[in-house]
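Me: Please take me slowly through one part of this protein, the place where the metal is bound, and then show me how the surrounding chain is arranged around it. I would like the reasoning spelled out where there is any.

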Amino acid sequence: MLDAITVRHMPFEFPDEIDPVFIDGDHKQSFAFIAGSLLLPHLEPYLIRSMKAAEKYVTDPEVLDGLKKFASQEGQHYQMHKKFNETIRRSGFPELEALEKELSGDYKRFTNTKSLRFNLAYAEGFEALTMNAVKHMMEPNGFGDDLPVFMQMVEWHFVEELEHRTVAFDVYDHVCGGYFYRLFVGMWAQWHFTRWIRRATQYMLKANPQPKKGAKEIARGSKAVPVVKAASVGNLMPGLLRIYLPSYTPHDVEISPGIQVLADKYTKMALKTS
Ligand SMILES: [Fe+2]
Ligand SMILES: [Fe+2]
């Protein structure tokens with residue numbers, strides 16, 4: 001299920017201003033989503049740079065084709081998130097700029113100073129954790145109908161993350177290989193980017209705190225945003241344990257048929273596909 005990687009150019013446009021508490025009454029989950037979105041225009045270009053650096057060492061045509069499509073999909077993702085993030089910047093949170101600068105510095109430094117093996121293991125660490133979080137949040141059938149545009153964007157992005165779930169693993173395996181190195185760098189990568197998401201979320205919560213229970217703002221329902229299952233270490237644990245096993249391969253991961261339905265929906269919605 002879900003074997004093809006399709007690069008979709010999506011038509012999403014965002015309103016000039018958006019309430020950063022877009023999940024009604026849930027500041028923490030809204031801000032965690034936003035922090036994830038802020039991370040991506042720094043992280044995904046780094047993944048693309050790592051893949052491009054690996055390209056000349058890839059001799060298997062199937063792996064090479066996956067690598068190119070992975071880079072194209074990630075390119076579309078971060079450009080769309082960048083567009084969304086502009087609307088978030090208009091709603092305040094001035095200290096995010098410094099946090100983003102620090103993150104961008106980290107990723108530039110990794111490209112310039114770390115080995116290709118490190119950068120590919122980081123990429124797989126990110127992809128493996130993302131795949132688990134996405135499966136947890138979206139299976140079996142996605143977020144539901146009548147989604148606001150931001151959640152459609154997230155859903156499209158997540159579908160493509162599942163489509164290219166095997167690529168970073170295969171490129172690492174093909175170009176460098178080694179279980180223990182992938183395990184340790186991958187776990188460090190997961191600590192590195194989730195720590196940044198936590199810091200950005202905490203800052204946003206400090207700047208715009210969750211109202212106490214009973215306050216008017218926490219009445220759910222008026223913004224028509226679905227309640228998304230939160231991804232936490234506890235509920236991701238079974239999937240996470242699997243990705244740390246020596247026998248793990250994303251080729252064995254089952255994806256629910258409902259995700260293919262979503263993939264087809266977003267293919268139809270796309271301005272262009274390749
Ligand atoms: Fe992505
Ligand atoms: Fe990805």
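Reply: What follows begins with the metal site and then moves outward to the helices, the core and the loops.

The model is predicted, with a mean pLDDT of 91 for the protein and a score of at least 70 for 91% of the residues. One stretch to treat with caution is residues 216–224, where pLDDT stays under 50 and for which the model has 19 contacts beyond four places in sequence.

The iron ion written as ligand 1 takes its protein donors from E44 (OE), E74 (OE), H77 (ND1), H157 (NE2) and E161 (OE), at distances of 1.9 to 2.3 Å. Read along the sequence, these donor residues follow the spacing E-x29-E-x2-H-x79-H-x3-E. Within this set, E44 and H77 form a pair that links distant parts of the chain, since E44 sits in helix α1 (residues 27–55) and H77 in helix α2 (residues 61–89), 33 residues apart. Both E44 and H77 are buried.

The iron ion written as ligand 2 has as its protein donors E74 (OE), E127 (OE) twice, E161 (OE) twice and H164 (NE2), which lie 2.0 to 2.7 Å from the ion. The angles among these six donor atoms run from 52 to 148°, and the site of ligand 2 is classed as irregular. For this ion the donor residues are spaced E-x52-E-x33-E-x2-H in sequence. Here too a pair links distant parts of the chain, with E127 in helix α4 (residues 116–138) and H164 in the loop between α5 and α6 (167–175), 37 residues apart. E127 has a relative accessibility of 2% and therefore counts as buried, while H164, with a relative accessible area of 0%, is buried as well.

The two iron ions are bridged by E74, and they lie 3.8 Å apart. E161 appears among the protein donors of ligand 1 and also among those of ligand 2, where two of its OE entries are listed.

Helix α5 spans residues 149–163, and 14 of its 15 residues are buried. Its length can be checked by simple arithmetic: at 1.5 Å a residue, the 15 residues should span 21 Å, and because the end C-alpha atoms are 21 Å apart, the model agrees with that expectation.

Moving outward from the metal, the largest nonpolar core holds 81 residues, of which L39, L43, Y107 and Y122 touch the most other members. Helix α4 gives the most to this core, with 13 residues. Such grouping is in keeping with a broad tendency, as nonpolar side chains in soluble globular proteins tend to be buried together. Y107 shows what one member of the core meets: leaving out residues up to four places away in sequence, Y107 touches L39, H42, L43, Y46, R49, Y122, H192 and F193.

The loops hold several backbone features that merit attention. Most residues other than glycine have a negative phi, and most peptide bonds are trans. Against that background, a cis peptide bond joins E139 and P140, with omega about 10°, and P140 lies in the loop between α4 and α5. That loop between α4 and α5 also holds D146, whose phi is positive at about 50° although D146 is not a glycine. At 73% relative accessibility, D146 counts as exposed. F93, in the loop between α2 and α3 (96–113), likewise has a positive phi, near 60°, but F93 counts as buried because its relative accessibility is 8%, under the 20% cut-off.

Two further positions complete the view. A270 lies in the loop between α9 (257–269) and β2 (272–273), and its relative accessible area of 16% makes A270 buried, the limit being 20%. The C-alpha atoms of A270 and R8 are 5.6 Å apart, although 262 residues separate them along the chain, and, apart from neighbours within four places in sequence, A270 is in contact with R8, H9 and M10. Q202, by contrast, is in helix α7 (residues 179–207) and counts as exposed at 52% relative accessibility; the C-alpha atoms of Q202 and D19, 183 residues apart along the chain, are separated by 17 Å.

Methods. Residues are numbered from 1 along each chain as its sequence is written. Chains are lettered from A and ligands numbered from 1 in the order in which they are written. This is a predicted model: local features need pLDDT of at least 70, side-chain atom pairs count only at pLDDT 80 or more; totals for chains, interfaces and linings use all residues. Side-chain values use heavy atoms; hydrogens and water are left out. Helices (H or I, at least four residues) and strands (E, at least two) are DSSP runs, numbered from the N terminus. The expected span of a helix is 1.5 Å times one less than its number of residues. Buried means under 20% relative accessible area, exposed over 50%, partly exposed in between (1.4 Å probe, protein chains only). Donors are N, O and S atoms within 2.8 Å of the metal (3.2 Å for Na, K and Ca); water is not among the atoms, so sites may look incomplete. Four donors count as tetrahedral if all angles lie between 85 and 135 degrees; four count as square planar and six as octahedral if opposite donors are over 155 degrees apart and all others between 65 and 115; anything else is irregular. pLDDT is the predictor's confidence in each residue, from 0 to 100. Contact means heavy atoms within 4.5 Å. A nonpolar core is a set of buried Ala, Val, Leu, Ile, Met, Phe, Trp, Tyr and Cys residues joined through side-chain atoms within 4.5 Å.
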